[in-house]
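User: Hi! I'm new to reading protein structures and would like to go through this one step by step. Could you help me?

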Amino acid sequence: MTPALDPETIGGLARDLAPSDFIRIVRTFETDLSRLVLLMVEQATSGDIEQYRRSAHALAGAAGAIGATRLAADARLAMDPKTTTPPRELLLQIGAEARQVLVELADWASNPTER
Amino acid sequence: MARPARVLLVEDTPTQAEIARAYLADQSHELRVAETAAEGLRIAQDWAPDAILIDVELPDFDGFALMRRLKEAEVAAIMIVITAQGSVNTAVTAMREGALDFIVKPYAKARLTVTLANALEQRRLSVELAEARAIISRDRYFGFIGGSPAMQAVYRTIQDVAASRANVFITGESGTGKELAAEAIHRASPRAKKPFVPLNCGAIPATLIESEVFGHKRGAFTGATEDRPGAARSADGGTLFLDEIGEMPPDMQVKLLRFVQTGTVLPVGSSKGERVDVRVVSATNRDPLAEVEAGRFREDLYYRLYVVPIHLPPLRERGEDVLLIARHFLNVYGREEHSHFRGFAPDAEAVLLGSPWPGNVRQLQNVVRNLVVRHDATLATAAMLPAELLRAARPVAVPSAQPRAEPSGRAGSEAMVMAPPSPPPSPALATAAGDPLATIAAALSALVSARAAPAPVPQVVLQPEPLPEASPRAAPEMRGPILPLWQVEKEHILAALDECGQDVPRAAALLEINPSTIYRKLQGWRV
């Protein structure tokens, strides 16, 4: 399976930043990810599609920033009004991808410099 | 920019904001983060950042709309757009809205820091340019008021020499602001926090000047009951201003030369010199080179002091600075005296502009003070100005003057307001000038002479130029029998009113009588 994190982007962060800063960004992303996915679930359930797309946009930005390219692509699909995939199906896809991203991030956070 | 650059990031996604913050942590900038466009706008207005990094997608309104609002609010910061959309359209829109550059997400640290460094450099250059333009167009500089080209040159010289240690020699007529210039040099220099010590060499007796400049030791002479530092030592680290240096006695010039050459102060009664760090600024209202040639001022001292010359122009060469300064004094004294003056009427401005101001700013200051003390109105008119000023003023153009004063009835923003002409010193001169008003004045003068010495009738003024037909009420004809005084007076007053466009206060000022006298007489004549 291809990695969930683009090595160039996440590697660039690890290279450019002090380990403490890198770890802080990983923690910030983890918080963002759980908050935004939870919001999207609530908004999709309540039928608030506008806010659902808004949260998807924020998730796409956060995921893109750390190199979670597939997750960012899923989030962009969710924010696109022309998408035909139902929100429930997309959220399941996002959830699975998010789990993979978190696993890889934990690996990067445990040893950001030696790669 | 001496202070750290201020950078505002408008970004609603915490992960993105944290990455930017971490990338910029070692850049010694001050960074603030706004999570919404509205918050970004508020911070930009309150905090005045140098650069703003703007995410396009924001929760309340988009980054392009924020840029428009920032421009409307006249926020001068450089704007950089951060976007996930790397399309040409986004780039074009960003540039059209005023962005200097744009960054596509995700971005590396170098991309952000280099883009920001370029932006801040551009900002620094534009700030410097604005400051330079402000210097060129300024109408105030330290204590000076005036934006005339002559004064701009003075400001530029002061600015240029302020940072150096070079001695400065200021020349200019009395009242042109030589001490103000010396103080401006001091305040614009790195010595600004150290003392500025002015000393008027012309006001100190020759026997005391050495002690005043270099100080003395206790017991050095009768009355020296304690050590005194003197001006040179008091100015250590700062600036010593020697005004009226041309008045310095020759023996003192030798001692001053030694001080300027060595930087060592030798107090009276002491054999031990003390080094000081003093910049010397000298001034005189005389021509220093002429003083050297006349043997009154040492040539070697002249060349030591005359390193950077600054010549202060007389007020008569400073154009509309006269009005700026007069308005300033009118405001200052108006507040002090609780008067209602709001400005000068065009006729007063014409007089102010046309006056030769031999006493320069000091004379103008006195004139305005006198006016405020003696009168109260919304506008200060020519009639409120001293008669000698009205007589000395030459005709000048005043911008935006009243159309009635235009010479040819031509509409325009700049009209010629005639300041009262100088009265002729002799009837012969008056007639030679061919000026109807001067002819009238000459005729009246002759009449007064005739009354003082009734016989013979003075012949000297009996050759006035023929009066133009356009002036029906002209000077009394003196060829025939002597006219009754009331008739001469009436014709003279009416002629003066004609000349002044029926402006009673102005005519009264020229006739040196009270306006109420004219009103009373007009009523009596039923004119």
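Analyst: Happy to! One definition before we start: two strands pair if DSSP finds at least two bridges between them. Keep in mind, too, that this is a predicted model.

User: With that definition, how many bridges join β8 of chain B to β14(B)?

Analyst: Strand β8 covers residues 168-171 of chain B, and β14(B) runs parallel to it. Pairing asks for at least two bridges. The number joining β8 of chain B to β14(B) is 4.

User: Which residue in β14(B) is the bridge partner of B:Phe169?

Analyst: B:Phe169 has its bridge partner in β14(B). That partner is B:Pro309.

User: Which strands stand at the edges of the sheet that holds β8 and β14 of chain B?

Analyst: This open sheet has 5 strands in chain B, ordered β9-β10-β13-β8-β14, with parallel pairing. The strands at its edges each have a single partner strand, so one side of each is left without a neighbour in the sheet. They are β9 (196-200) and β14 (308-311) of chain B.

User: What angle does helix α6 of chain B make with β14(B)?

Analyst: Helix α6, residues 149-162 of chain B, packs on this sheet and touches β8, β13 and β14 of chain B. Its direction makes an angle with that of β14(B) of about 155°.

User: Let's turn to the sheet with β1 of chain B. What is the order of its strands?

Analyst: It is an open sheet of 5 strands with parallel pairing. Within it, 5 bridges join β1 (residues 6-10) of chain B to β2(B), and B:Leu8 has B:Arg32 as its bridge partner in β2(B). The order in chain B is β2-β1-β3-β4-β5.

User: At what angle to β2(B) does helix α1 of chain B run?

Analyst: Helix α1 takes up residues 14-24 of chain B and lies across β1, β2 and β3. Helix α2 (residues 37-47) of chain B lies across β1, β2 and β3 as well, running at about 145° to β2(B). For α1 of chain B, the angle to β2(B) is about 175°.

User: Now the contact between the chains. Which residue of chain A forms a salt bridge with B:Glu18?

Analyst: Between chain B and chain A the count is 2 salt bridges. In the one formed by B:Glu18, the closest N and O atoms are 2.8 Å apart. The partner is A:Arg24.

User: Which element gives the largest share of the side of chain B that touches chain A?

Analyst: The contact takes 15 residues from chain B and 19 residues from chain A. On the chain B side, the largest share is 7 residues. These come from α1(B).

How values were computed:
Residues are numbered from 1 along each chain as its sequence is written. Chains are lettered from A and ligands numbered from 1 in the order in which they are written. This is a predicted model: local features need pLDDT of at least 70, side-chain atom pairs count only at pLDDT 80 or more; totals for chains, interfaces and linings use all residues. Side-chain values use heavy atoms; hydrogens and water are left out. Helices (H or I, at least four residues) and strands (E, at least two) are DSSP runs, numbered from the N terminus. Contact means heavy atoms within 4.5 Å. Axes are lines fitted to C-alpha atoms, for helices over the stretch in contact, and angles run from 0 to 180 degrees between N-to-C directions. A salt bridge is a side-chain nitrogen of Lys or Arg within 4 Å of a carboxyl oxygen of Asp or Glu.
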